[in-house]
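Student: I would like a close look at a single part of this model, taken slowly and with its surroundings kept in view. Please explain each term as you come to it.

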Amino acid sequence: MIITIAAAIAATAYVAWGIIHHSRRGDLHPKIVLEYLALAILGVIITYTVTQSL
Amino acid sequence: MLIMLARLYKSLLHLFTPHPANNHRPRLLEPSLLSALAIFILLANSGVKIFAQVQGGILGYASDITVEQILTLTNQHRLDAGLPALKLDDRLADAARRKAADMFTFNYWAHVNSQNNRQPWYFFDVVGYQYRYAGENLGRDFGTTAPLVQAWIDSPTHRDNLLSSRYQDTGIAVVNGTLQGIDTTLVVQLFGTHQNPAAIPQVSAASSDNQTSDVQTVGQSDSPKSEVRSLQDSSYQLPFSPLDISKSIALSTLVLIAAVILIDSFLVWRRRTRRLAGRNWAHLLFITGLIILIASLQKGLIN
């Protein structure tokens with residue numbers, strides 16, 4: 001569980017960074033936010049499935 | 001046929017490389033496909049777990065650990081260290097099974113049951129093993145026997161138990177169950193020397209258990225009380241470990257995504273494509289972190 005939480009925190013930070021970064025660059029678009037979100041969610045799910053097998 | 005191959009080639013090209021037809025972004029990196037991938041992984045993982053449960057009857061996880069192998073490896077290490085081999089003792093085996101059952105019942109992962117203050121030596125007493133010396137090693141979540149025994153060897157306190165000249169008997173239990181919310185296999189190895197060697201019961205070397213779990217070790221006890229012997233639970237054996245399968249699926253997926261991102265970065269850089277997309281290096285950093293995290297996940301704990 002701790003590992004999944006750590007992955008979720010990292011994923012949240014990654015998405016937050018992406019939004020801030022693109023916002024500052026002036027090219028923030030819902031498509032980009034979705035891209036970061038999809039990768040983050042996939043990452044957390046992958047980590048979750050592996051830790052469930054531990 | 002050729003048309004089909006051409007279509008397949010085109011589909012793969014659009015899936016893995018940027019192209020005007022896919023808006024200069026590999027389809028694999030599109031949110032819709034990434035979401036589909038996440039759902040696929042969830043389903044695949046559930047499938048593996050269900051299969052393991054159906055095959056195993058109890059757990060969603062199985063290991064190749066056997067009492068026999070633990071005994072063999074233990075004695076191999078002892079012989080290498082110039083020590084006599086340990087004998088498998090039925091009472092210690094019974095005590096180890098009782099200890100494992102106690103851990104599952106009270107849901108704890110420790111040498112001492114903090115809820116009723118039961119020490120490992122309690123189980124030696126229960127089975128009537130009057131010990132001169134006693135020790136306990138515990139393990140869980142190991143897929144095979146060798147890493148489990150190696151983990152004990154690598155840990156000074158567990159190694160002291162395994163390679164102690166004080167011990168003559170051992171009892172091993174390999175038991176499946178749910179511990180702290182996780183389906184696992186618990187391994188309990190007890191060590192002891194009877195107070196009166198002549199009174200030691202005949203040892204049964206036949207043990208057949210296959211399970212995985214955590215391992216814990218308790219320090220040696222010099223107090224002249226009873227010893228604990230290993231318990232053994234016989235159950236099922238599956239030819240694979242769900243952890244290995246989950247890790248393989250996870251790592252393959254992440255490596256594939258990372259490879260596509262690298263190809264995408266290269267082609268976009270070479271073609272000087274301008275597009276609206278996330279930062280590839282940030283994606284790579286995130287995925288690489290996950291790959292390292294997942295690759296470093298090891299089954300098995302010792303205590």
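**One strand and its surroundings**

Tutor: Of the 303 residues in chain B, 45% are buried, a residue being called buried if 20 or more other C-beta atoms, placed from the backbone, lie within 10 Å of its own, exposed if 12 or fewer do, and partly exposed in between. This is a predicted model, in which local features need pLDDT of at least 70 and side-chain atom pairs count only at pLDDT 80 or more, while totals for chains, interfaces and linings use all residues. Residues are numbered from 1 along each chain as its sequence is written, and chains are lettered from A and ligands numbered from 1 in the order in which they are written.

Chain B contains nine helices and five strands, where helices (H or I, at least four residues) and strands (E, at least two) are DSSP runs numbered from the N terminus. Read from the N terminus, the order of its elements is α-α-α-β-α-α-β-α-α-β-β-β-α-α.

The part I would single out is strand E4 (182–194) of chain B. Because 13 of its 13 residues are buried, E4(B) is largely enclosed by the rest of the structure. The cover extends to both faces of E4(B): B:Ile182, B:Thr184, B:Leu186, B:Val188, B:Leu190, B:Gly192 and B:His194 are buried on one side, and B:Asp183, B:Thr185, B:Val187, B:Gln189, B:Phe191 and B:Thr193 on the other.

E4(B) also has partners in pairing, a term that asks for at least two DSSP bridges between two strands. With E3(B) it pairs in the antiparallel sense over 11 bridges, and within that pairing B:Val175 stands opposite B:Leu186. E2(B) is likewise antiparallel to E4(B), the two being joined by nine bridges, and here B:Gly192 is the bridge partner of B:Ala134.

E4(B) is also one of the elements that supply at least two residues each to the largest nonpolar core, together with H3, H4, H5, E2, H6 and E3 of chain B. A nonpolar core is a set of buried Ala, Val, Leu, Ile, Met, Phe, Trp, Tyr and Cys residues joined through C-beta atoms within 7 Å. This core has 39 residues, and those touching the most other members are B:Ala95, B:Ala96, B:Phe124, B:Ile172, B:Ala173 and B:Val188. Apart from it lies another core of 30 residues, which includes A:Ile32, A:Ile45, B:Leu34 and B:Ala277.

One helix packed against E4(B) deserves the same attention. The buried residues of H3(B) pack against E4 as well as E1, H6, H7 and E3 of chain B, and in H3(B) the residues B:Val67, B:Gln69, B:Ile70, B:Leu71 and B:Thr74 are buried. H3(B) has 14 residues and reaches 20 Å from its first C-alpha to its last, close to the expected 20 Å, that expectation being 1.5 Å times one less than the number of residues. After H3(B) comes B:Gly82, with a positive phi near 75°.

As a contrast with E4(B), H1(B) is hardly covered, since the count of buried residues among its 15 residues is zero. In the loop between H1 and H2 of chain B sits B:His19, which counts as partly exposed because it has 17 C-beta neighbours inside 10 Å.

Across chain B, 85% of the contacts with a separation of 6 or more join residues 24 or more positions apart, a contact meaning that two C-beta atoms, placed from the backbone, lie within 7 Å.

The contact between the chains takes 27 residues from chain A and 32 residues from chain B. On the side of chain A that touches chain B, the elements giving two or more residues are helix H1 (2–25) and helix H2 (30–52) of chain A, and H2(A) gives the most, with 16 residues. Chain A itself has two helices and zero strands.

Finally, a word on confidence. The pLDDT, the predictor's confidence in each residue from 0 to 100, averages 79 in chain B, where 77% of the residues score at least 70. Over residues 199–239 of chain B the pLDDT is below 50, although the stretch has 219 contacts in the model beyond near neighbours in sequence. Where pLDDT is low, the predicted coordinates should not be read in detail. The model scores ipTM 0.93 and pTM 0.54.
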